[in-house]
Amino acid sequence: MNNIRPSIGGQWYPHNSELLVQSLEMYLLNAEVEKPGEKLYGIIVPHAGHMYSGQVAAHGFKCIAGMEFDTVIVVSPSHFLTDGNIISTSHDSYQTPLGKVEIDRVTLNEIDNKLKEKFEEKLVYVSKDPEHAIEVELPFLQYLLKSFRLVPIMIFNQSSEIASALGHSIAQVIANRNALLIASSDLSHFYPNRIARKFDEEMLKRIEAFDPESVIQAEIIERGFACGRGAIAAVLYACRELGANKVKVLNYENSGEVTGDYNSVVGYGAAVIYLSIKSS
């Protein structure tokens, strides 16, 4: 097909490549993190416009600075599409001001086949989708990694069953491969600052406990919220199966820090998933 997914450049991040690089460098410079553990498996980062959540996201992305990956799997919620439980692009590439990102169609098809064989699920492929939650992460990846191929996956049905099926399918396909997993998700939406921080603290505590089922349950019992709870859970399931044993929350802020409006905020958190030999 060799077609390119329409870009959200100019809406969620600068359309001009020089301005985009300058902003990425600023975010990364201001993110102070220590690369944890013996092996990094994945990161969790927010997906609002860069002006809102870019600084928080930079804490997660800075963990992969200097590293190389053949494939990057980005799992996000589907904010707009309802075509199936698990959705991906039918395009061959994404386009940003920093260039083209090719789709790893082989790995994507293998995940699709694993879902069908073991869980009676499948990927539904769509074109010209309006989803921002995958593309908004790509400029950071393009800036930090020499080259990589992308596996974009969007979850509409964010149940435990779907998250577990996807996570296990991904883990089985990429075992022994040089791949990075990314969960793209914001936290609570449109609560006053005091309430939002309480909800977000609870959700981040569950993430740091490396408990994907608890992440899903938090919203069901209204203790914590994340628009990409299924994406987070799927990545946690996959990383745990691959050998990770630790999650560390790196940074948290909400939109009030940028807008000055603390009456209705959106929460943003960044975390890293890794192997720690010291972990009990």
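**Exercise 1.** In this predicted model, determine how many bridges join strand 5 to strand 6 and in which sense the two strands run, then place the pair within its sheet.

*Solution.* Begin with the pairing itself: strand 5, which covers residues 93-96, is joined to strand 6 by four bridges, and the two run antiparallel. A residue pair that illustrates this register is Tyr94, whose bridge partner in strand 6 is Val101. Next, consider the sheet to which these strands belong, an open sheet of three strands in the order 1-5-6, with mixed pairing. Its edges are formed by strand 1 (4-5) and strand 6 (99-102), each of which pairs on one side only.

**Exercise 2.** Identify the strands with which strand 8 pairs, giving the sense of each pairing, and decide whether strand 8 is largely enclosed or not.

*Solution.* On the parallel side of the account, strand 3 (residues 71-77) pairs with strand 8 over seven bridges, and within strand 8 it is Pro152 that Val74 stands opposite. The antiparallel pairing is with strand 4 (residues 86-89), over two bridges, where Ile86 stands opposite Ile155 of strand 8. Turning to accessibility, six of the seven residues of strand 8 (residues 149-155) are buried, so this strand is largely enclosed by the rest of the structure.

**Exercise 3.** Describe the surroundings of Tyr27, stating whether its side is buried or exposed and which residues it contacts beyond its sequence neighbours.

*Solution.* First locate the residue: Tyr27 is found in helix 1, which spans residues 17-29. Its relative accessibility is 10%, and because buried means under 20% relative accessible area, Tyr27 counts as buried. Then list the contacts: once neighbours within four places in sequence are set aside, Tyr27 touches His50, Met51, Gly54, Gln55, Ala58 and Phe140. Finally, for a distance along this part of the fold, the C-alpha atoms of Tyr27 and Phe61 are separated by 9.9 Å, although the two residues lie 34 residues apart along the chain.

**Exercise 4.** Establish how many disulfides the whole structure holds, and examine Cys63 and Cys239 in that light.

*Solution.* A search of the whole structure finds zero disulfides. For Cys63, the nearest cysteine sulfur is that of Cys239, 13 Å away; since a disulfide requires the two sulfur atoms to be within 2.5 Å, Cys63 is in no disulfide. The reverse check agrees, for Cys239 has the sulfur of Cys63 as its nearest, 13 Å away, and is likewise in no disulfide. As a last step, compare accessibility: Cys63 is buried, with a relative accessible area of 1%, and Cys239 is buried as well, at 0%.

Note on methods. Residues numbered from 1 in each chain as written. Predicted model: local features only at pLDDT ≥ 70, side-chain atom pairs only at ≥ 80, totals over all residues. Heavy atoms only, no water. Buried < 20%, exposed > 50% of the residue type's maximum accessible area, 1.4 Å probe, protein only. Pairing = 2+ DSSP bridges. Contact = heavy atoms within 4.5 Å.
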